[in-house]
Amino acid sequence: MPDASLTWLGHASFRIDTPGGKRIYVDPWLDGNPKCPDDEKEPERMDVIAVTHGHSDHVGNTVELAKRFSPEIVAQVELKGWLGKQGAPVGEMPGPNKGGTVEVAGVSFTLVNAFHSSSSDAGDYTGESCGIVIGLENGTTLYFAGDTCVFGDMQLIGRIYEPDLAILPIGDHFTMGPKEAAVALELLAVRRCVPSHYGTFPLLHGTPDELRRLAPKDVEILAPEPGGTIEL
């Protein structure tokens, strides 16, 4: 089975190219994202969009992209319903909730806990913030923490799902910073980490170098530039 890859699109936006040839976008804030490379702002195709919560820097361009490509949308039940009300073609199947797993395009998506707020720019209720565990066709498992602080039950996420790679926010202010992310890596017992949600604006001041200094020494911190890809 071909290799899988993860491409950072700046901020908390990612593209996954799966071993089965599927293309998944997570929190696709592309147009308007100051860190998204210009050549990544117009996707060629997408099979799935997964959204962690309702803030506009994570929902991003989901509605417009869904209208254009008709991907499956994975989002918590209230958020998926809200996206449908905004015009996204979401189908009749309600979104899952925390602890629930759905299989889409041969890939599994499990919503897990996160501690953060969630609403639209207009103040609409969009459910609660979630992390997402994504299981690819070849057994590789990715944990997208979404926007969150560190919390003790990350140990359960590590125990139950045994992620091969954790994607953790490190910017501070709105999410955990490097100090908390380093503890999250201990709890998750994961060996590879991609930091996110940093450097977009001066307020998000956490850095990968800080995380490397504080993280367990056996954890590899992978920090591509926006548009950069790592092999999974």
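In what sense, parallel or antiparallel, do β9 and β10 pair, and over how many bridges? In this predicted model, the two strands pair in the parallel sense, and 3 bridges connect them. One of the residues concerned is L142, whose bridge partner in β10 is L165.

The pairing of β9 with β10 belongs to an open sheet of 7 strands, in which the order is β6-β7-β8-β9-β10-β11-β12 and the pairing is mixed. The edge positions are taken by β6 and by β12 (220-221); each has a single partner strand, so one side of each is left without a neighbour in the sheet. At the β12 end, strand β11 (residues 192-196) runs parallel to β12 and is joined to it by 2 bridges. Within this pair, C193 of β11 stands opposite I221 in β12.

Strand β9 also pairs with strand β8 (residues 130-135), here in the antiparallel sense and over 4 bridges. L142 takes part on this side too, as the bridge partner of I134. The two strands form a hairpin with 5 residues between them, and G139 in the turn has a positive phi of about 95°. In a regular strand the side chains alternate between the two faces of the sheet. Strand β9 (residues 141-144) shows this arrangement: T141 and Y143 point one way, L142 and F144 point the other way, and all are buried.

Y143 is also prominent in the nonpolar interior. The largest nonpolar core has 48 residues, and F109, Y143 and L168 are those with the most contacts inside it. Helix α5 (residues 178-188) provides the largest share of this core, 5 residues. Apart from it lies another core, of 18 residues, which includes Y25, V63, F69 and L79. With residues up to four places away in sequence left out, Y143 touches V112, I132, V133, F151, M154, I157, P163, L165, A166, I167, L168 and L188. Among these contacts, I132 and V133 fall within the residue range of β8 (130-135), and L165, A166, I167 and L168 fall within that of β10 (165-169).

A search of the whole structure finds 1 cavity of 30 Å³ or more. The volume of the largest cavity is about 80 Å³. Its lining consists of 14 residues, of which A12, D27, G146, I167 and S196 are the closest to its centre. Strand β10 contributes the largest share of the lining, 3 residues. By class, the cavity lining divides into 8 nonpolar, 4 polar and 2 charged residues.

D27, one of the residues closest to the cavity centre, has a positive phi of about 50° although it is not a glycine. D27 lies in the loop between β3 (23-26) and β4 (48-50), and it is buried, with a relative accessible area of 2%. A positive phi, of about 45°, is also found at E162, likewise not a glycine. E162 is located in the loop between α4 (154-161) and β10. Is E162 buried or exposed? At a relative accessibility of 60%, E162 counts as exposed, whereas D27 is buried.

The loop between β3 and β4 also holds W29. W29 has a relative accessible area of 13% and is therefore buried, the limit being under 20%. Its contacts, not counting residues up to four places away in sequence, are H11, S13, P34, S56, D57, H58, G60, N61, T200 and F201. The C-alpha atoms of W29 and L204 are separated by 16 Å, and the two residues are 175 residues apart along the chain.

Besides the cavity, the model contains pockets, and the largest pocket has a volume of about 220 Å³. It is lined by 16 residues, with E72, I73, K80, M93 and V104 the closest to its centre. At least two residues of the lining come from each of β5 (72-74) and β6 (101-104). β6 is also one of the two edge strands of the open sheet. The pocket lining comprises 10 nonpolar, 3 polar and 3 charged residues.

Technical notes: Residues numbered from 1 in each chain as written. Predicted model: local features only at pLDDT ≥ 70, side-chain atom pairs only at ≥ 80, totals over all residues. Heavy atoms only, no water. 1 Å grid on protein atoms, 1.4 Å probe; cavity = no way out; pocket = protein on both sides within 12 Å on 5 of 7 lines; lining within 4 Å. Points joined across faces, edges and corners; volume = space filled by probe spheres on them. Nonpolar A, V, L, I, M, F, W, Y, C, P; charged D, E, K, R; others polar. Core = buried A, V, L, I, M, F, W, Y, C linked by side-chain atoms within 4.5 Å. Buried < 20%, exposed > 50% of the residue type's maximum accessible area, 1.4 Å probe, protein only. Contact = heavy atoms within 4.5 Å. Pairing = 2+ DSSP bridges.
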